[in-house]
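Colleague: Please take a close look at one part of this model with me, and tell me how it is put together and what surrounds it.

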Amino acid sequence: MAGGRASARRRAVVAAVTTLILLASVSFLLSATATSSAAANSPASRLAVVQRHAEDHAAVLAAYTAHARHLSALSASQTDAFLSISSRLSALASRLSVSTVGALEKEVKAQVKRARSLAGAAKEAFDTQSKIQKLSDTIFAVGQQLLRARRAGVLNARIAAWSTPKSLHCLAMRLLEARLANASAVPDDPPVLPPQFADPSLHHYAVFSDNVLAVSVVVASAARAAAEPSRHVFHVVTAPMYLPAFRVWFARRPPPLGAHVQLLSVSDFPFLNASYSPVLRQIEDGNRDVALLDYLRFYLPEMFPALRRVVLLEDDVVVQRDLAGLWRVDMGAAVNAALHTCFGGFRRYGKYLNFSDPVVQESFSPRACAWSYGVNVFDLQAWRREQCTEQFHRFMEMNENGTLWDPASVLPVGLMTFYGKTKPLDKSWHVMGLGYNPHIRPEDISGAAVIHFNGNMKPWLDVAFNQYKNLWTKHVDTEMEFLTLCNFGL
């Protein structure tokens, strides 16, 4: 069947070429014998017009026949239509003569009209395929440029300059200046930690960030939304250079309503060294794609040995509803509870991991549903029992050359570490996309416990979406004098 169809298509193409040669010969003979006084509407003139139309459209359809041959089975009917009308035009052209032009002119016009319709539809499909191919080529080229830039260390510097604008640098510097000017007014950590910081009966959060303004919004919004704010404890971990700025801020603006904040830096955890952590080792070896603050989330059980459950919050979220219910979520045997983000074929493991690697192929399914950071409930007892930190270390060592996943993102290794150990979190707990999607339904935003400004349009940037920005800025303490000095447009 397929062979017969291919043979028919070849015969159609040959017939079309033969028709073109025949029509060209007839056209030449007619032009040689026509007199200069022939009327514009004479049979010979009309024959030339008909011949030209038949020739043009037969050639176009022959070309689309060749293209349609490469289309999928969905285009088989279109291919048959091309073959049919091309054959008809060829047959009509072979019957053309001065004596028959009157009878055939109407039929040729009808076939030409149909040919134009078919050619127009085929052209649209052909152009779409061309655009898709060009777009695919462009995406590949941009991906290669990004990879080269990241390896050269250029991309990280540009991203840092974008996500940490001058106003945030200014704020950190002003806070540090205040610390130096009046160190006694900003106490260091007390020699004996308050018991709340290690009380497993309270609600504990972890936030990893060097953005003091963003963290202040997370803490303030969560405390104001809580039914019992004094039972909520926030463990904020930042880089050593930013720790004094955080201390100044929270000394001048303590968390509202009796909530508790513990300020920490990497140096507060002696176990974090290159001999224990492949993250530290890769950073010391010059891997600029590995951001320490981002990867510290994989050491929660070691950082907080007395705690049983911790909620991890990103610094670009706003809390709108009491989160105490997260400590009542039945985790079962799961280590992690998170919002699952897959739909259809999108946001599945195949997007984040390199499944051409045998280790990835053997250990994971490309169709497995991905989840998101932003709001994560971690059962630290199950984490210790399942030895998830040890598994994370093995994956980090395997990815030292960046072949399993892009090390600039912490999500892929999270998907690997907690594969089969993640419970779906109800969607009402976490609504994403306020940093890139301007079309989120208002009822979804108003009903969410946490809204997440993931994406490039962060609420502290000038490019933030106007319709969402007030959801964040209403929690900013605008009475802090440094915000005015640093030109925050709040």
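Modeller: Happy to! Let's start where strand 4 (residues 309–313) meets strand 7 (residues 375–379): the two pair in the antiparallel sense over 5 bridges. Here strands (E, at least two residues) and helices (H or I, at least four) are DSSP runs numbered from the N terminus, and pairing takes at least two DSSP bridges. Within this pair, Val310 stands opposite Phe378 of strand 7.

The model is predicted, so local features need pLDDT of at least 70 and side-chain atom pairs count only at pLDDT 80 or more, while totals for chains, interfaces and linings use all residues. Residues are numbered from 1 along each chain as its sequence is written, and side-chain values use heavy atoms, with hydrogens and water left out.

Now step back to the whole sheet. It is open, with 7 strands in the order 3-2-1-4-7-6-8 and mixed pairing. Strand 3 (260–265) and strand 8 (422–424) stand at the edges with a single partner strand each, so one side of each has no neighbour in the sheet. From one strand to the next, the twist averages 25 degrees.

Helix 7 (residues 212–225) packs on this sheet, touching strand 1 (203–208), strand 2 (232–238), strand 3 and strand 4; contact means heavy atoms within 4.5 Å. The direction of helix 7 makes about 175 degrees with that of strand 2, where axes are fitted to C-alpha atoms (for helices over the stretch in contact) and angles between N-to-C directions run from 0 to 180 degrees. Helix 8 (residues 243–252) lies across strand 2 and strand 3, at about 165 degrees to strand 3.

Helix 7 deserves a closer look. Of its 14 residues, 12 are buried (under 20% relative accessible area, with a 1.4 Å probe and protein chains only), including Val212, Val215, Val219 and Ala223. Asn211 caps its N-terminal end, with a side-chain oxygen 3.2 Å from the backbone nitrogen of Leu213. The end C-alpha atoms of helix 7 are 20 Å apart, which agrees with the expected 20 Å, taken as 1.5 Å times one less than the number of residues.

What about the core? The largest nonpolar core (buried Ala, Val, Leu, Ile, Met, Phe, Trp, Tyr and Cys joined through side-chain atoms within 4.5 Å) has 65 residues, of which Leu171, Trp249, Leu313, Leu323 and Leu326 touch the most other members. Helix 7 gives the most to this core, with 9 residues. Another core, of 49 residues, lies apart from it, with Val237, Leu280, Tyr352 and Val413 among its members.

Note on methods:
Buried < 20%, exposed > 50% of the residue type's maximum accessible area, 1.4 Å probe, protein only. Polar contact = N/O pair within 3.5 Å; in protein donor to acceptor, adjacent residues only side chain to side chain.
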